[in-house]
Amino acid sequence: MNLTESSALPNFSAPSTPALAERPAWQALVNHHRDIDSRHLREFFADDPQRGERLHVEAAGLYLDYSKNRVTDDTLALLLDLAEQCGLRERRDAMFRGEPINATEKRAVLHTALRAPANARILVDGVNVVPEVHAVLERMASFAQRVRSGEWRGHTGKPIRNVINIGIGGSDLGPVMACEALRHYGKSDLHLGFVSNIDPTDLVEATRGLDAAETLFIVCSKSFRTLDTLTNAHAARAWSLAQLGDERAIASHFVAVSTNAEAVAAFGIDLAHMFALWDWVGGRYSMDSAIGLITMIAVGPEHFRAMLAGFHAMDVHFHETPLARNMPVLMGLLAIWNNNFLDAQTLAVLPYNHDLKRFPAYLQQLTMESNGKHVTASGQAVSVSTSPIVWGEPGTNGQHSFFQLLHQGTRRVACDFIGFSHSQNPLGNQHDLLMANLFAQSEALAFGKTAQALMAEGGDETQVAQRVCEGNRPSNTLLAERLTPHALGALVALYEHSVFTQGVIWNIDSFDQWGVELGKVLAQRIVTELADTSNTPLTHDSSTNTLMRRYQRQRKEPS
């Protein structure tokens, strides 16, 4: 039974499904790689002077140049064959239909419904979820406008001047990234803060010097049981009450994004100010849900809806465009090629825009929590490497730290360059200089500098070996007109669907995260043991036992 035939099954896999490495298309790629591995990008461009004009695609206001990847037309054709054999189209269509493609949790995967137009019809268990999504958006918009306008007042009658988001993982990384990326569109007299780390320093620094009477906290936890988030929320509650002195103040200074009404009410939050989530939205896919409430407060409902429109434009492109011209599909397949065949098992995300400085961190969770899996959707061991390691910094900062490794290191690193034709803050010719660096770095990584070229330029013979850059390092370049809310939505959706494409090829469930649980369970046990003063014997390994005992001794000593 192949994946196409089994697409109606929630598991989307079957024990008889061949291992990926055994598929004919995979074997064809192995043989093809053997044939072209010795070829250099210099040769590809010399043989095809129009390569840079051919190997690009546009969608939702984004332009992707993928010509600097080490691929030929045959490579791309074989990758597309692989996508067909792995049932990518069927799996994609099933996701958009609301089928439970999150097999291990038996859930639909419908972050695309969060940005669907109001007249769309998307069924989960026979119920159209779109009206409820838009009802929440309307409540968010109303609340955001009240805070932005000063109509919403704190317990003492003061307007809100500080908004602090308390969450972790997808409840933090998405909003903080979006608020940074869109700060050009933000309300200048509104201070935004983010608390995620259970380290008390995070909350102390976020609230330092603030007036509790002017501060609103947004507690983001679907279950309202997440240890890190609830610990910080209760500490924020205590900080507020220390200044305001009245339990009734909590209702004016705390709102929640959650599904657990009982726990939210017990905390003291008015249920009229609880914004809903759904189990068909995973945390790392939730920045355009009520988790984005702080983003909407920061930039306003109109700009938030423009971001949703950008998401939706890329969704439509991904859903309706043939695979050969489909931007997320091509990016996903190129990631497979770089990771599994070229041994580029890390991806550097390099935005040449300072406001996107948190974008690499956002993509770390999106990519590695989704695809950092060691078994297939049916529980069999994977036969190839899965998720690349994602990292990065904005240009040009990274050029003065890790680009040395990119150009001359022994590890092969794939790169995604992201740039914009217009700056949000024009200053002389600095934006031209910024973009000149982007274009130069992608060119240098692709083509390098040979010993012969260095000698022809009169280079010092004793330094030639040190100065040679071999090039042949793969990269994508993404360009947009400017970093608008629409462009940010399209950019995030592009990577969401690229990650999905990779997961389908590897036949893994990109929407669960069971590997996160073990450490949490052990931490709950250990924190109880650390508080135990009765010297009860510890039953961990000798390393953990010794470390815990040392920590307990030092905690008893004066600091």
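Which residues lie nearest the centre of the second largest pocket? In this predicted model, those residues are H354, S423, Q430, H431 and L434, which belong to a lining of 18 residues. The second largest pocket has a volume of about 440 Å³, and by class its lining is made up of six nonpolar, 11 polar and one charged residues.

The largest pocket, for its part, has a volume of about 1400 Å³. It is lined by 49 residues, and the closest to its centre are I168, T226, V516, E517 and K520. Sorted by class, the residues of this lining divide into 22 nonpolar, 16 polar and 11 charged. Several helices take part, since at least two residues of the lining come from each of α7 (170-181), α9 (227-244), α15 (359-371) and α21 (517-531); among these, α21 gives the most to the lining, with eight residues.

From the pockets the reader can turn to the sheet, an open one in which five strands follow the order β6-β5-β7-β8-β9 with parallel pairing. The edges are taken by β6 (191-195) and β9 (274-275), each of which has a single partner strand, so one side of each is left without a neighbour in the sheet. Within the sheet, β5 (residues 162-166) pairs with β7 (residues 215-220) in the parallel sense over five bridges, and the bridge partner of N162 in β7 is T215. Across β5, β6 and β7 lies helix α8 (residues 200-207), which runs at about 170° to β6.

How values were computed:
Residues numbered from 1 in each chain as written. Predicted model: local features only at pLDDT ≥ 70, side-chain atom pairs only at ≥ 80, totals over all residues. Heavy atoms only, no water. 1 Å grid on protein atoms, 1.4 Å probe; cavity = no way out; pocket = protein on both sides within 12 Å on 5 of 7 lines; lining within 4 Å. Points joined across faces, edges and corners; volume = space filled by probe spheres on them. Helix = DSSP H or I, 4+ residues; strand = E, 2+ residues; numbered from the N terminus. Nonpolar A, V, L, I, M, F, W, Y, C, P; charged D, E, K, R; others polar. Pairing = 2+ DSSP bridges. Contact = heavy atoms within 4.5 Å. Axes fitted to C-alpha atoms, helices over the stretch in contact; angles between N-to-C directions.
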